[in-house]
Amino acid sequence: IPGLYIVATPIGNLGDVTIRAVDVLTRCDVVACEDSRVTGKLLKHLGIHKRLIRYNDHSDEKARSKLISSMRDQAVALVSDAGTPLISDPGYRLVQDARSADIAITSLPGACAAVVGLTLSGLPNDRFMFAGFLPTKEQARLAALESVKSIDATLVFYETGPRLVKALDAIQTVLPGREVSVARELTKLFEECRTGSPEELAAHYRMEPPKGEIVLLIGPPIPEVTSPQDADALLKLALEVDKPS
Ligand code: SAM
């Protein structure tokens, strides 16, 4: 069936590709991908031969509208290098324009590093905010953390090995005392999830600079206890939350 298919792919462990993803990738007419070498490898592993078109949101308007017109009579699968397209990956503008052009769109769920990190970390997940990558420049990074400081939710960021310690130092400056998790190499052989204060984690990773891909999570603000009445109210709240439903 013609249209746009957003297809999530594994974030490391190839076993995480879904049966539905294999089905759509097998039956589609063309695969739009970020990097044809990366997607070529995945398709080869799956035994699928397909025409690949390189696409990212910086592709020019003309290329995007050509791809969208082709969706009227072809099934176009959109994949990114890893995980769910659009989530800190290309696809947003394509979906926006496809919607405006009344193209049928299907999104196939699958691996997403933010969700894997959140579920693995043990941090509260009843409310969370995904905030993508922190800015690379120090002042902008501090300002970005400042802007989310009072949000009552676990904050989820994407990070890279070389920038992790700088990010942890910035968290220590802006959000000291918060519980932090570093989830690395998720679904891969050397998967690791380490939780502690930003200070402890920075000290650890300064000694041992981390390799690979990282999800960085910051637990929600801890309510301040300023009076015995506050302590009572907090205790009641904790008992409420822990009550089995
Ligand atoms: N669209 C992808 C998704 O659904 O997770 C994310 C793409 S984004 C360009 C790449 C970032 O995702 C990495 O820098 C890292 O922060 C995170 N990431 C991707 N794979 C990961 C993995 N296996 N373990 C930890 N983090 C990962």
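This briefing walks through some strands, helices and a ligand site in the structure above. Keep in mind as you read that the model is predicted. A good place to begin is the five-stranded open sheet, and from there we can visit a pair of packed helices, H6 and H7, and the shell of 24 residues around the ligand.

**The five-stranded sheet**

- Follow the strands across this open sheet and you meet them in the order E6-E7-E10-E8-E9, with mixed pairing.
- At the edges sit strand E6 (128-133) and strand E9 (192-196), each of which pairs on one side only.
- Going from one strand to the next, the twist averages 20°.
- E6 and strand E7 (residues 154-160) run parallel and are joined by four bridges.
- To find this pairing on screen, look for Phe 130, which stands opposite Val 156 in E7.
- Helix H8 (residues 198-207) packs on the sheet, where it touches strand E8 (180-184) and E9.
- The direction of H8 makes about 135° with that of E9.

**Two helices that pack together**

- Helix H6 (residues 138-148) packs with helix H7 (residues 164-174) at an angle of about 50°, and their axes are 10 Å apart.
- Because of that angle, H6 counts as oblique to H7.
- The crossing of H6 and H7 is right-handed.
- On the H6 side, the contact is made by Arg 141, Leu 142, Leu 145 and Glu 146.
- These meet Ala 167, Ala 170, Ile 171, Thr 173 and Val 174 in H7.
- Sorted by class, the residues of this contact between H6 and H7 are six nonpolar, one polar and two charged.

**Around the ligand**

- Which of the 24 residues around the ligand come nearest? They are Gly 83, Ala 113, Tyr 158, Leu 186 and Glu 213.
- Helix H5 (113-121), E7, E8 and strand E10 (213-218) each supply at least two residues of the shell.
- The shell around the ligand is made up of 11 nonpolar, seven polar and six charged residues.

**Strand pairings with E4**

- Strand E1 (residues 3-7) pairs with strand E4 (residues 75-78) in the parallel sense, over four bridges.
- Here Ile 6 has Leu 78 in E4 as its bridge partner.
- Strand E2 (residues 30-33) also runs parallel to E4, and three bridges join the two.
- In this pairing, look for Val 31, which stands opposite Ala 77 in E4.

Note on methods. Residues numbered from 1 in each chain as written. Predicted model: local features only at pLDDT ≥ 70, side-chain atom pairs only at ≥ 80, totals over all residues. Axes fitted to C-alpha atoms, helices over the stretch in contact; angles between N-to-C directions. Parallel < 35°, antiparallel > 145°, perpendicular 65-115°, else oblique. Left-handed = near helix turned anticlockwise from the far one by under 90°. Contact = placed C-beta atoms within 7 Å. Nonpolar A, V, L, I, M, F, W, Y, C, P; charged D, E, K, R; others polar. Pairing = 2+ DSSP bridges. Near = placed C-beta within 6 Å.
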